[in-house]
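Trainee: I would like a close look at one part of this model, set against the chain as a whole. Please keep the terms explicit.

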Amino acid sequence: MEKQEITQEQINAWKELYEDVWRITVDGKVAYLRSPDRKTLSFASSVGASDPMKFNEILLKNCWLAGDLEIQTNDKLFLSASSKLAELIEIKETEMVKL
């Protein structure tokens with residue numbers, strides 16, 4: 001299979017759609033991901049409660065935009081990428097004041 005070249009134009013188009021775009025590189029393999037939405041997080045969390053590895057698998061597959069599919073299928077690459085997937089979930093600083 002021929003390697004797909006991702007252009008800056010493609011990244012900009014993804015940013016228009018998803019706001020945040022991430023690149024993960026593992027052992028020379030590259031994947032492009034978007035941040036997860038609520039639906040993806042809900043599904044991953046419900047399944048991940050009984051199978052924590054499934055949480056990462058669901059997150060990776062549902063946030064996948066493009067890249068070397070070997071990151072999804074090769075256990076060593078998948079486990080390495082999994083160590084970074086939590087960074088897709090950005091928590092903004094929040095203030096709450098009792099009135």
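Trainee: From the N terminus on, in what order do the elements of the protein run? Then take Leu59: which residues does Leu59 touch, not counting those up to four places away in sequence?

Mentor: This is a predicted model, in which local features need pLDDT of at least 70 and side-chain atom pairs count only at pLDDT 80 or more, while totals for chains, interfaces and linings use all residues. Residues are numbered from 1 along each chain as its sequence is written, and side-chain values use heavy atoms, with hydrogens and water left out.

The order of elements from the N terminus is α-β-β-α-α-β-α-α, that is, five helices and three strands. Helices (H or I, at least four residues) and strands (E, at least two) are DSSP runs, numbered from the N terminus. The C-alpha trace spans about 60 × 35 × 20 Å along its principal axes. Of the 99 residues, 32% count as buried; buried means under 20% relative accessible area, exposed over 50%, and partly exposed in between, with a 1.4 Å probe and protein chains only. Among contacts between residues at least 6 apart in sequence, 56% join residues at least 24 apart, where contact means heavy atoms within 4.5 Å.

Now the part you asked about. Leu59 lies in helix α3 and is buried, with a relative accessible area of 0%. Not counting residues up to four places away in sequence, Leu59 touches Pro36, Thr40, Leu41, Leu85, Leu88 and Ile89. Its C-alpha is 21 Å from that of Ile6, a residue 53 places away in sequence.

Two of these partners can be followed further. Leu88, with neighbours within four places again left aside, is in contact with Trp22, Leu33, Arg34, Ser35, Pro36, Leu59 and Cys63. Pro36 therefore appears in the contact lists of both Leu59 and Leu88, by the heavy-atom criterion of 4.5 Å. Thr40 belongs to helix α2 (residues 38-48) and, at 7% relative accessibility, counts as buried. Beyond four places in sequence, Thr40 is in contact with Arg34, Ile58, Leu59, Asn62 and Cys63. The Thr40 side chain also makes a polar contact with the side chain of Asp37, at 2.7 Å. A polar contact is a pair of N or O atoms within 3.5 Å; within protein, one must be able to donate a hydrogen and the other to accept it, and residues adjacent in sequence count only if both atoms are side-chain atoms.

Helix α2 also holds Ala44, which is buried, with a relative accessible area of 0%. With neighbours within four places left aside, Ala44 is in contact with Phe55 and Ile58. Ile58 is thus listed for Ala44 and for Thr40. The C-alpha atoms of Ala44 and Glu16, 28 residues apart along the chain, are separated by 25 Å.

As for the wider setting, the largest nonpolar core has 14 residues, and those with the most contacts inside it are Ile24, Leu33, Leu60, Trp64, Ile71, Leu85 and Leu88. The elements giving two or more residues to this core are β1 (21-26), β2 (29-34), α3 (52-63) and α5 (75-82). Apart from it lies another core, of eight residues, including Ile6, Trp14, Val30 and Leu65. A nonpolar core is a set of buried Ala, Val, Leu, Ile, Met, Phe, Trp, Tyr and Cys residues joined through side-chain atoms within 4.5 Å. In soluble globular proteins, nonpolar side chains tend to be buried together.

For contrast, consider some residues at the surface. Asp27, in the loop between β1 and β2, is exposed, with a relative accessible area of 71%. Phi of Asp27 is near 50°, a positive value in a residue other than glycine. Glu19, in the loop between α1 and β1, also has a positive phi, of about 75°, and is exposed at 61% relative accessible area. Most residues other than glycine have a negative phi. Lys76, in helix α5, counts as exposed at 70% relative accessibility; the C-alpha atoms of Lys76 and Asp27 are 9.7 Å apart, with their places 49 residues apart in sequence.
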